[in-house]
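Colleague: I am new to reading protein models and would love a friendly guide. Could you help me look closely at one part of this one?

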Amino acid sequence: YKENILTARSGQMRCNYLLALYSSAISASQKLLTAEKLPEELLTEAHLTIAKSALKLKDTTLALKEFDIVTKLSKSESCAEAKYAVAEIYYHQNSTAESEKMAFDLINQIPSYDYWVAKAFILLADNYVKTGNRHQAKYTLKSIIENYEGADLVKIAQDKLNAILEAEKLEEQQKAEELQKLQNEPGPMLEEIK
């Protein structure tokens, strides 16, 4: 029966992914995609599984292609996850402008998935740090700490905020030490100047 075949192939895809057999998960997903009249949820899940598996295998080209398909197929949580993953890929490729654009796209277009929106804000803060805008990064992280209810992401935001504050504190100490050093160095004597 066709329904049993779909169930078997989707089960294979899920099991391979959960067992970290990413190449097999991609193969099973591609096999599932060949089925006729595949329900939209399975179609989206198959493309998302290929994308996430490709990412685990460090094939960002395939991952980006598949995540793009997911964003066009769905406006569900899968779409939010895909947009976040694309923003994160761009961040790791040092394409901060593209990463920020995709994060804002996620925040503005899919606001009902709080978890992914919060992750996007944390990623934005990382982008701000990378581009030297610590003030905006701190503000962004504080908004997550104050407004998001999930303890896991609040902890991540707090740890990142603490790291920024610690870095700023160290820089201030270094500046103060350099200033103290300059003040303690003897300047040229007046007689030497004459």
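To set the scene, what pattern does the chain follow when read along the sequence? Then please take a close look at helix α7 (residues 114–130).

Modeller: Happy to help! This is a predicted model, in which local features need pLDDT of at least 70 and side-chain atom pairs count only at pLDDT 80 or more, while totals for chains, interfaces and linings use all residues. Residues are numbered from 1 along each chain as its sequence is written, and side-chain values use heavy atoms, leaving out hydrogens and water.

Read along the sequence, the pattern is α-α-α-α-α-α-α-α-α-α. That comes to ten helices and zero strands (DSSP runs numbered from the N terminus: H or I of at least four residues for helices, E of at least two for strands). The chain is more spread out than a compact globule, because its radius of gyration is 24 Å, well over the 16 Å that the globule rule gives for 194 residues (taken over C-alpha atoms; the rule is 2.2 Å times the number of residues to the power 0.38). Along its principal axes, the C-alpha trace spans about 100 × 35 × 25 Å.

Now for your helix. Two packed helices are described by the angle between their axes and the distance between the axes. Here, axes are lines fitted to C-alpha atoms, for helices over the stretch in contact, and angles run from 0 to 180 degrees between N-to-C directions.

Start with α5 (residues 77–92): its axis comes within 10 Å of that of α7, and the two cross at roughly 10°. That makes α5 roughly parallel to α7 (under 35 degrees; over 145 would be roughly antiparallel, 65 to 115 roughly perpendicular and the rest oblique). Contact means heavy atoms within 4.5 Å. On the α5 side are residues including Tyr84 and Tyr91, which meet a set in α7 that includes Trp116 and Leu123. The residues of this contact divide into seven nonpolar, one polar and six charged (Ala, Val, Leu, Ile, Met, Phe, Trp, Tyr, Cys and Pro count as nonpolar, Asp, Glu, Lys and Arg as charged, and the others, Gly among them, as polar).

Next comes helix α9 (residues 151–184), which packs with α7 at an angle of about 10°, their axes 10 Å apart. These two are therefore also roughly parallel to each other. Tyr115, Ala118, Lys119, Ile122, Asp126 and Val129 of α7 make this contact with Asp152, Leu153, Ile156, Ala157, Lys160 and Ile164 of α9. By class, the contact of α7 with α9 has eight nonpolar, no polar and four charged residues.
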